[in-house]
Amino acid sequence: MDSSAVAVAAPLLEAGGKEMRHLGRTAHNMSSSSLRKKSDTSLVRKVPCAALRGFLSTLQEVLFGTKLFVLFPAVLLAVVARYMRFGQVWLFVLSLIGLIPLAERLSFLTEQIAFYTGPTVGGLLNATFGNVTEVIIALFALREGKITVVKCSLLGSILSNLLLVLGTSLFFGGLANLGVEQPYDRKQADVSTGLLILGVLCQSMPLMLRYAVSAGEHAVNSDDSGLVLSRACSVLMILAYGAYLYFQLKTHRQLFEPQEVEDDGDDLVSEDEAVLGFTSAMVWLAVMTVITALLSEYVVSTIEAASESWELSVSFISIILIPIVGNAAEHAGAIIFAFKNKLDITLGVSLGSATQISMFVVPLSVLVAWVMGVPMDLDFNLLETGSLFLAILVTSFTLQDGSSHYLKGLLLLLCYAVIGVCFFVLRRRSADGSN
């Protein structure tokens, strides 16, 4: 091949390679990458043993390749507090703090694996591990029969993504970009809000069935008809989520590709190539998942003690506190990109996470509870379901025109504050004994 042909082909190959590298990236990846930083490997390079040098380099990348590395000591302190019996409230607080960097590292490791598996499998991995913290907390709560904790924590995650994360992002992003147009792609928002409406419809049907039967308007064949209806709706919700993944990863991938972000001169890492090997990423993913499961078990087992000590209901802690702390890393990334006027990434994080929890994690919890013999249904009670429906409605109206400003964010934040105050004053005791 002559020099002129090489000159013509080189930029095309570079552009194609760049396109292939970004095909597997999602808004969640872009959000988490905003919290990553370059690791200083000068000391590691001086280690004479190659095997030890490789291990230390990987360890440094996993533990110190994030701006949240200062929170990792909370993981060790939580384990110490558990075995030294420092008190259940301390264990609850330290476990929640420890979950913050773990959630960000899980996102990092799944992205590293996606470099070797391709965009489709990488997208499925991101869909599976995108809200792994909520899934693990739900599983441990189900094992202990704490159905209220499961429902409230999942409801709180949806509400925090729709109102708190999106509201904060639009508010501060609007203030930081006054006088500048803040557009976003409505197509992605329309798909997510449509799925969220389907999810709240499925959650409303068991609730309406219960009230219709109790009012004497209708009769059912058995006392567990609401539970049967919930399980049937859960299967349909998971099928709908599978169709959504096929839509997102195959037929309409271009709608969900994140915006390119210019290098602004900070110490962010380049995401164009993997920094970990496939085996190392898999091993560390397993290790981080186990540690996340351990801290999640601590959170579930100590939530009642924290409730009594702080004189707060379990519902308030599950709906407000746990989602805020558990998703803090992802939320911070969404806000950072709103400052940069990259609202498609912000919407991808908040709406994408809310959609995944509503259409996948919630029905999965119902089906897993069925296997475990736990009678969990989709009846989240009137106050909870009404709050979710109104939150989806407000979010849908807020995003209908394709542009943003700070007042939209303020309205979403005020809606979240109203719901938070409502659950703060709530002191109702649930069927399984939790407040």
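**Exercise 1. Describe helix α14, starting from its kink.**

Solution. Helix α14 has a kink of about 35 degrees centred on I357; the bend at a residue is the angle between axes fitted to the seven residues ending there and the seven starting there. Helices are DSSP runs (H or I, at least four residues), numbered from the N terminus, as are strands (E, at least two). The model is predicted, so local features need pLDDT of at least 70 and side-chain atom pairs pLDDT 80 or more, while totals for chains, interfaces and linings use all residues. Residues are numbered from 1 along each chain as its sequence is written, and side-chain values use heavy atoms, leaving out hydrogens and water.

Next, take the length. The expected span is 1.5 Å times one less than the number of residues. For the 30 residues of α14 (residues 343-372) this gives 44 Å, and the end C-alpha atoms are 41 Å apart, which agrees.

Then check burial, where buried means under 20% relative accessible area, exposed over 50%, and partly exposed in between (1.4 Å probe, protein chains only). In α14, 24 of the 30 residues are buried, so the helix is largely enclosed by the rest of the structure. Just after α14, G373 has a positive phi of about 80 degrees.

**Exercise 2. State how many helices and strands the chain has, and what share of its residues is buried.**

Solution. The chain has 16 helices and zero strands. Of its 435 residues, 51% are buried.

**Exercise 3. Find what surrounds helix α12, and follow one of its residues into the core.**

Solution. Helix α12 covers residues 314-326; ten of these 13 residues are buried, so α12 is largely enclosed by the rest of the structure. Among the buried ones are F316, I322 and P323. The buried residues of α12 pack against several helices, including α5 (88-117), α8 (147-176) and α11 (278-310).

Now follow I322. A nonpolar core is a set of buried Ala, Val, Leu, Ile, Met, Phe, Trp, Tyr and Cys residues joined through side-chain atoms within 4.5 Å. The largest has 93 residues, and I322 is among those with the most contacts inside it, along with F92, L159, L162 and M288. Helix α8 gives the most to this core, with 13 residues. Contact means heavy atoms within 4.5 Å. Leaving aside neighbours within four places in sequence, I322 contacts F92, L96, I137, V299, I303 and I317.

**Exercise 4. Decide whether W284 is buried or exposed, and name residues that it touches.**

Solution. W284 lies in helix α11. Its relative accessible area is 15%, so W284 is buried. Not counting residues up to four places away in sequence, W284 touches T58, L59, V62 and L109. The C-alpha atoms of W284 and L106 are separated by 8.8 Å, although the two are 178 residues apart along the chain.

**Exercise 5. Classify two aromatic pairs.**

Solution. Rings of Phe, Tyr and Trp (its six-membered ring) pair if their centres lie within 6.5 Å; planes under 30 degrees apart count as stacked, over 60 as edge-to-face and the rest as tilted. The structure holds nine such pairs. For Y116 and F278, the ring centres are 5.9 Å apart and the planes are at 70 degrees, so the pair is edge-to-face. This pair links Y116 in helix α5 to F278 in helix α11, 162 residues apart.

F172 and F339 form a stacked pair, with 6.4 Å centre to centre and 20 degrees between the planes. F172 is in helix α8 and F339 in helix α13, 167 residues apart. Ring pairs also link F171, F172, F339 and Y406 into a cluster.
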